Amino acid sequence: MNKAITVGLLGLGTVGSGVIEILRDHKERIEHKTGCNVTIKSVLVSDMSKTREVPAETQLTDQYQDITRDPEIDVIVEVMGGIDHTLTILLEAIEHGKHIVTANKDLVAQHGEQLFEACQKHHCDLYYEASVAGGIPIIRSIMDGLSSDRITKMMGIVNGTTNYIMTKMAQDGVDFDSVLKEAQDLGFAEADPTADVDGLDAARKMTILSILGFSMPYSLEDVDIKGIRGISSDDITYAEELGYRIKLIGIAENNHNGVSVSVEPTLLPIQHPLSSVNDEFNAVYVYGDAVGETMFYGPGAGKLPTATAVVADLIAVLKNIRLGTTGTAYVQPQFPKQVKAKKDQLTKKYIRLHVDDKAGMLNDLTNIFAQYDLSFDQFTQRSTDQEGERELMMVTHQVSEEDFEKAIQDIESLDSVRNIDSIFRVEGGN
């Protein structure tokens, strides 16, 4: 006999309606897999006057206490977003013994530890697969599929908006502002795109992946973040000429010197698998000591892809309820936080700058590079339409972030340097 499970849904936007759709269309399959008959009893909405399509047995409410304090509700699915108010709601729900499924990466990245502690205290489950990379099961893959391995590096495209913008800039040769407006018109970008284009959304996701992948309590404040606003069509063209494509990449590395996490525009070799990930799609590349290199690819957002991840988490909770193992999944991070110092962060860099076309200019640059043991993998220069000016493009060999920052400061002080246009990270090489 199937066990009856009652769900409360917080939010009925794009993802919330997708959850209802999947639970309706896949009802028999879910019952077969879990042995549970799932009913959505209540849905929290902000506007009760709006006409909405919900199952006949589902009631709408604009009072969250109707859901968090309802003794008949077993699981709460949170897809409404927000941070502080949502945290208050979920903590109250946990205190009343509700299991939680959330798609809220902002909340998990900033308050995940607090939520997990509350769940442990009240023997509740907390699942959050949909918080990173939409329909790609990357969290479950790291926690389960790669749990026997030691992950040393993760890098990925984890924001569909910026990847769509970068793809269109590269393919159509248009500037950032034009593509951003197109993305907003198509619904790929928010009216306020700050969190996406400035890299904060991706940074929150990389924080979550770093905590899981490295079993270390890493913080969002420790992530180096640089968005895509400063990328020009010239940079994209020059990168292609040098054998690279530019993507906004989240990179998390772990070695004996500690962990470093960054989100920044990055030049990838054209043949790298991530270079061919286009439009709104996401992909995460994972390096493990035993498994080697693996890549997870799929839709990073959207109604049904994200809802699929949410319902998969709900199924996990249902199985735990049947087995009597709820509240036991969370494991405290194994290692204390160890943030890698800048002197130990070794990366390659792309630099584009404009300089005076005069004798001694290259010698001045070379002296600075030599002082910081900075050498070059690629170097090219060309004339510009400005009289007495040259444009230089360089890709360095590996250099410490500390030494590179000092070198750039010295270069900026040279009278012969008119401006430094672009500085981007480079992964791999030809």
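Let's start in a loop: S215 sits between α10 and β8 (224-225). Helices here are DSSP runs of H or I with at least four residues, strands are E runs of at least two, and both are numbered from the N terminus. The phi of S215 is near 50°, a positive value in a residue other than glycine.

Before going on, the ground rules. This is a predicted model, where local features need pLDDT of at least 70, side-chain atom pairs count only at pLDDT 80 or more, and totals for chains, interfaces and linings use all residues. Residues are numbered from 1 along each chain as its sequence is written, and side-chain values use heavy atoms, with hydrogens and water left out.

Back to phi. Most residues other than glycine have a negative phi. D279 is not a glycine, yet its phi is positive, about 55°. D279 is in the loop between β10 (258-269) and β11 (281-288). Is D279 buried or exposed? Neither: at 24% relative accessibility, D279 counts as partly exposed. The scale is relative accessible area: buried is under 20%, exposed is over 50%, partly exposed is in between, with a 1.4 Å probe and protein chains only.

Now helix packing. Take α5 (residues 105-122) and α10 (residues 200-214). They pack at an angle of about 55°, with axes 9 Å apart. Axes are lines fitted to C-alpha atoms, for helices over the stretch in contact, and angles run from 0 to 180 degrees between N-to-C directions. So α5 and α10 are oblique to each other. The classes are these: under 35 degrees is roughly parallel, over 145 roughly antiparallel, 65 to 115 roughly perpendicular, and the rest oblique. The α5 and α10 crossing is left-handed. Left-handed means the near helix is turned anticlockwise from the far one by less than a right angle; right-handed means clockwise.

Who makes the contact? From α5, K105, D106, V108, A109 and Q110; from α10, D201, R204, K205, T207 and I208. Contact means heavy atoms within 4.5 Å. By class, that is three nonpolar, two polar and five charged residues. Nonpolar here is Ala, Val, Leu, Ile, Met, Phe, Trp, Tyr, Cys and Pro; charged is Asp, Glu, Lys and Arg; the others, Gly among them, are polar.

Next pair: α7 (residues 160-172) and α8 (residues 176-186). Their angle is about 130°, and their axes are 9 Å apart. Therefore α7 and α8 are oblique to each other. The crossing is right-handed. On the α7 side we have Y164, I165, K168 and M169; on the α8 side, F176, V179, L180, E182, A183 and L186. The class count is eight nonpolar, no polar and two charged.

Third pair: α1 (residues 14-25) and α12 (residues 303-323). The angle is about 60°, with axes 8 Å apart. So α1 and α12 are oblique to each other as well. Their crossing is right-handed. The α1 residues in this contact include T14, V15, G18 and I22, and those of α12 include L304, A307, V311 and L314. The split is nine nonpolar, five polar and two charged.

On to the cores. A nonpolar core is a set of buried Ala, Val, Leu, Ile, Met, Phe, Trp, Tyr and Cys residues joined through side-chain atoms within 4.5 Å. How many residues does the largest one have? It has 75, and I138, I165, L209 and Y350 have the most contacts inside it. Helix α5 gives the most to this core, with seven residues. A second, separate core of 32 residues includes V7, C36, V317 and L318.

Look at I165. Setting aside residues up to four places away in sequence, I165 touches F176, V179, L180, A183, V197 and I228.

Then L115, in helix α5. L115 is buried, with a relative accessible area of 1%. Beyond four places in sequence, L115 contacts L87, L90, L91, I94, L107 and L126. L115 and I100 are 15 residues apart in sequence, and their C-alpha atoms are 9.5 Å apart.

Last stop: Y64, in the loop between β3 (59-61) and α3 (65-68). Y64 is buried too, with a relative accessible area of 15%. Which residues does Y64 touch, not counting those up to four places away in sequence? L44, H85, T88, I89 and E92. The C-alpha atoms of Y64 and G135 are 27 Å apart, and 71 residues separate the two along the chain.
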